[in-house]
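Let's walk through this model together, starting from a single residue and moving outward to the fold. Keep the viewer open as you read.

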Amino acid sequence: MADSVDRVFVHALNTVKKIPKTGASRPPSSDRLRLYGLYKQAMEGDVDGVMERPEQRPGVDADELQRERDKWDAWNAQSGLSRTEAKRRYIEALIETMHRYATTPDGKALVAELEFVWDQIKNNSASSSNASPKDATFAEPRRFQRPLTGTEGPMKVLSPMSEDDAAEQYRETQGDDDDGEYVKKGDRWSRKVERALVRLSAEVAALREQITAGREWRSKKERSLTAWASWILWIVTKHLAIDVVILGIVLLWMRKRKDRRLEDQVRAILRLGREYARKILPSR
């Protein structure tokens, strides 16, 4: 059941990416925060141990801090849920939200497709959980084959064999004729590959979310007042250093030519600077 929920959850994430193209109206902040909290709980588990509640720090205004705290509170509100249960609630909350706000034809088509897939998973789960042992049908046990009459052959012994083993034995007996044939749906290898693909899709979605969050954080940091002040200070310092190096080279070249005019002017400027600093700075 968990693998089926994973597949529908990945389908729901793909549906969310397609919603902006349908022209659907934007849900209110409360619904978006609820979906965000369920998504983070489904992907990373409880917020405790992952990140602390945002606090006031330089370069972050009050509105931005409140938005970060709202996201943290929405994630923390889902603490204690297992990842599978969080995925189930995310899918159901997304379907409910899309029914209310995705009212365009394309939006209705997306939610209808997602709801159909989810109903199939729920119905299959319900039917399998409600089935009683008395209602289950069992295959008749294999028996020894009776010996053929006359000279048609000896008695053949049939050993008990599961469906997976039977399919594997059949493929071995076919030899190279079955190379490239599609793996039979339901066998062990197909189920393992399917589970691995679902986990890979979920991990890729989580990685994409982390990359997006990192880019947003770097973008906000670059736009802060502290970042701008640091950038201006770096530009000024770099230009001053370049000017000092060029001035030193010119002074050495003029001294070699025994021309002290520029050097005298530099000395006069430095002398004025020292006198100005001596007047401003308090005497010791």
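Met254 is buried, because its relative accessible area of 13% falls under the 20% cut-off. In this predicted model, Met254 sits in helix 8, which covers residues 225–256. Setting aside its neighbours within four places in sequence, Met254 touches Asp259 and Leu262.

Now for the wider view. The protein has nine helices and zero strands, and reading along the sequence gives the pattern α-α-α-α-α-α-α-α-α. Of the 284 residues in the protein, 21% are buried; Met254 is one of the buried residues. As for how the chain meets itself, take the contacts between residues at least 6 apart in sequence: 68% of these join residues at least 24 apart.

Helix 2 is a good place to look at packing. This helix spans residues 29–44, and helix 3 spans residues 62–76, while helix 4 runs over residues 83–101. The table sets out how helix 2 packs against these two partners.

| Helix pair | Angle between axes | Distance between axes |
|---|---|---|
| Helix 2 and helix 3 | about 60 degrees | 7 Å |
| Helix 2 and helix 4 | about 155 degrees | 8 Å |

What does the angle say about helix 2 and helix 4? At about 155 degrees, the value is over 145, so helix 2 and helix 4 are roughly antiparallel to each other. Their crossing is left-handed. On the helix 2 side, the contact is made by Asp31, Arg34, Leu35, Leu38, Tyr39, Gln41, Ala42, Met43 and Glu44. Helix 4 contributes Arg83, Ala86, Lys87, Arg89, Tyr90, Ala93, Leu94, Glu96, Thr97, Arg100 and Tyr101. Sorted by class, the contact of helix 2 with helix 4 has ten nonpolar, two polar and eight charged residues.

Helix 2 and helix 3, by contrast, are oblique to each other, and their crossing is right-handed. Here helix 2 brings Leu33, Tyr36, Gly37, Lys40, Gln41 and Glu44 to the contact, and helix 3 brings Asp70, Lys71, Ala74 and Trp75. By class, that contact comprises four nonpolar, two polar and four charged residues. Gln41 and Glu44 of helix 2 are listed in the contact with helix 3 and also in the contact with helix 4.

The aromatic rings come next. How many aromatic pairs does the structure hold? There are four. In one of them, the rings of Phe9 and Tyr39 have centres 6.4 Å apart and planes at 20 degrees, so the pair is stacked. Phe9 belongs to helix 1 (residues 2–18) and Tyr39 to helix 2, so that this pair links parts of the chain 30 residues apart. Are these two residues buried or exposed? Both Phe9 and Tyr39 are buried.

Tyr39 also pairs with Tyr90; this pair is tilted, with 6.3 Å centre to centre and 50 degrees between the planes. Tyr39 in helix 2 and Tyr90 in helix 4 are 51 residues apart, and their pair too links distant parts of the chain. Tyr90 is buried, as is Tyr39. Together, Phe9, Tyr39 and Tyr90 form one aromatic cluster. Tyr39 and Tyr90 also appear among the residues that make the contact between helix 2 and helix 4, which ties the ring pair to the helix packing described above.

Note on methods:
Residues numbered from 1 in each chain as written. Predicted model: local features only at pLDDT ≥ 70, side-chain atom pairs only at ≥ 80, totals over all residues. Heavy atoms only, no water. Axes fitted to C-alpha atoms, helices over the stretch in contact; angles between N-to-C directions. Helix = DSSP H or I, 4+ residues; strand = E, 2+ residues; numbered from the N terminus. Parallel < 35°, antiparallel > 145°, perpendicular 65-115°, else oblique. Left-handed = near helix turned anticlockwise from the far one by under 90°. Contact = heavy atoms within 4.5 Å. Nonpolar A, V, L, I, M, F, W, Y, C, P; charged D, E, K, R; others polar. Phe/Tyr/Trp six-rings, centres within 6.5 Å; stacked < 30°, edge-to-face > 60°. Buried < 20%, exposed > 50% of the residue type's maximum accessible area, 1.4 Å probe, protein only.
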